[in-house]
Amino acid sequence: MTKDQAPPLPSARRTGTRRQEPRLKQDRAVRTRNTILKAAAEVFAQRDYPSVTILDIAEQAGVTKGAVYFHFANKEAVAVSVAEQFYTALLASVRPVLDTDASPARKVVELLRHTARSFREDPLTQAGSRLQIQQWAIESELPTPYVGFTQVLAELLTECRTNGALPPEADPEALARVLRSALFGAQHISGVQHGWSDIVERTEEIIQALPVLAPAARD
């Protein structure tokens, strides 16, 4: 090349590759973090928080301890992230139920049933429950439990009162708290005694015990 010739332009392919590298690294980091959280949920669902180690989580995820520490400062940070993911997923998972054309009472029934199945089948739901119960062993603060879930129940029960499925003097917020306590109390007992294998049956007992829900459950 003479001094009068312009230097060759970098190939579009090489330039595009360089531009893609940061995004590819970010995508890989997100996937690794999600893999670690999924593995942590599986471990926390089966074992008490104090007995779990970072090595346990790393081995379940198929990564090194260093990879876990790259994304999380310590085991507590992993636990907090799992708990946060649980409460986010809990509300997101019932959205299809809320988006149906069913009556408010029927939606309450299906919301309870759906949540019960999650406790029986989903490690993230099981882990969230166990971590909340074992918060005494976690120095970091976990999210306040079941706030959004209770609010959704209260809104549906308010609709029930509006359309006459609940008497005018009924207190939807109080009933929502009763349902929340019944469901999450039942899942705790079911989890301790039977590993959540009977939580769906125990939830049906709750539904049948409430006059406002029993007829909707048979529709």
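Helices (H or I, at least four residues) and strands (E, at least two) are taken here as DSSP runs, numbered from the N terminus. This is a predicted model, in which local features need pLDDT of at least 70 and side-chain atom pairs count only at pLDDT 80 or more, while totals for chains, interfaces and linings use all residues. Residues are numbered from 1 along each chain as its sequence is written, and side-chain values use heavy atoms, with hydrogens and water left out.

**The whole chain**

Begin with the protein in cartoon view, where the pattern along the sequence reads α-α-α-α-α-α-α-α-α-α-α, that is, eleven helices and zero strands. Switch to a surface, and about 12400 Å² is exposed, with carbon and sulfur atoms supplying 53% of that area; accessible areas come from the Shrake-Rupley method with a 1.4 Å probe, and for residues only the protein chains shown count as cover. Of the 219 residues, 42% are buried, where buried means under 20% relative accessible area, exposed over 50%, and partly exposed in between (1.4 Å probe, protein chains only). Among contacts (heavy atoms within 4.5 Å) with a separation of 6 or more, 65% are accounted for by residues 24 or more positions apart.

**Helix α2 and the glycine after it**

Select helix α2, residues 54-61, and colour its buried residues, which are Ile54, Asp56, Ile57, Ala58 and Ala61. Then step on to Gly62, which follows α2 and has a positive phi near 75 degrees. Gly62 belongs to the loop between α2 and α3 (65-71), and with a relative accessible area of 65% this glycine is exposed. A distance drawn from the C-alpha of Gly62 to that of Ala39 comes to 8.7 Å, although the two are 23 residues apart in sequence.

**Helices α4 and α7**

Next select α4 (residues 75-93) together with α7 (123-133). Their axes come within 9 Å and cross at roughly 120 degrees; axes are lines fitted to C-alpha atoms, for helices over the stretch in contact, and angles run from 0 to 180 degrees between N-to-C directions. That angle makes α4 oblique to α7, since angles under 35 degrees count as roughly parallel, over 145 as roughly antiparallel, 65 to 115 as roughly perpendicular and the rest as oblique. The crossing is left-handed, a term used if the near helix is turned anticlockwise from the far one by less than a right angle, with right-handed used if clockwise. Show side chains for Ala79, Val82, Ala83, Gln85, Phe86, Tyr87 and Ala89 of α4, and for Leu124, Thr125, Ala127, Gly128, Ser129, Leu131 and Gln132 of α7, which together make the contact. By class there are nine nonpolar, five polar and no charged residues here, where Ala, Val, Leu, Ile, Met, Phe, Trp, Tyr, Cys and Pro count as nonpolar, Asp, Glu, Lys and Arg as charged, and the others, Gly among them, as polar.

**Helix α6 and its partners α8 and α10**

Move to α6, residues 104-121, and add α8, residues 147-162. The axes of α6 and α8 come within 8 Å and cross at roughly 155 degrees, and the two helices are therefore roughly antiparallel to each other. On the α6 side the contact uses Pro104, Ala105, Lys107, Val108, Leu111 and Thr115, which meet Phe149, Val152, Leu153, Leu156, Leu157, Glu159 and Cys160 in α8. These residues divide into ten nonpolar, one polar and two charged.

Keep α6 selected and exchange α8 for α10, residues 199-209, whose axis comes within 8 Å of that of α6 and crosses it at roughly 160 degrees. This pair is also roughly antiparallel, and the crossing is right-handed. Val109, Leu112, Arg113, Ala116, Arg117, Phe119 and Arg120 in α6 meet Ile199, Val200, Thr203, Glu204 and Ile207 in α10, a contact with seven nonpolar, one polar and four charged residues.

**Two loop residues and Ser190**

Most residues other than glycine have a negative phi. Select Tyr146, in the loop between α7 and α8, where phi is positive, near 65 degrees; at 11% relative accessibility, Tyr146 counts as buried. Trp196, in the loop between α9 and α10, likewise has a positive phi, of about 70 degrees, and is buried with a relative accessible area of 6%.

Finish at Ser190 in helix α9 (residues 172-194), which is buried, with a relative accessible area of 3%. Leaving aside neighbours within four places in sequence, Ser190 is in contact with Gly195, Trp196, Ser197, Asp198 and Ile199.
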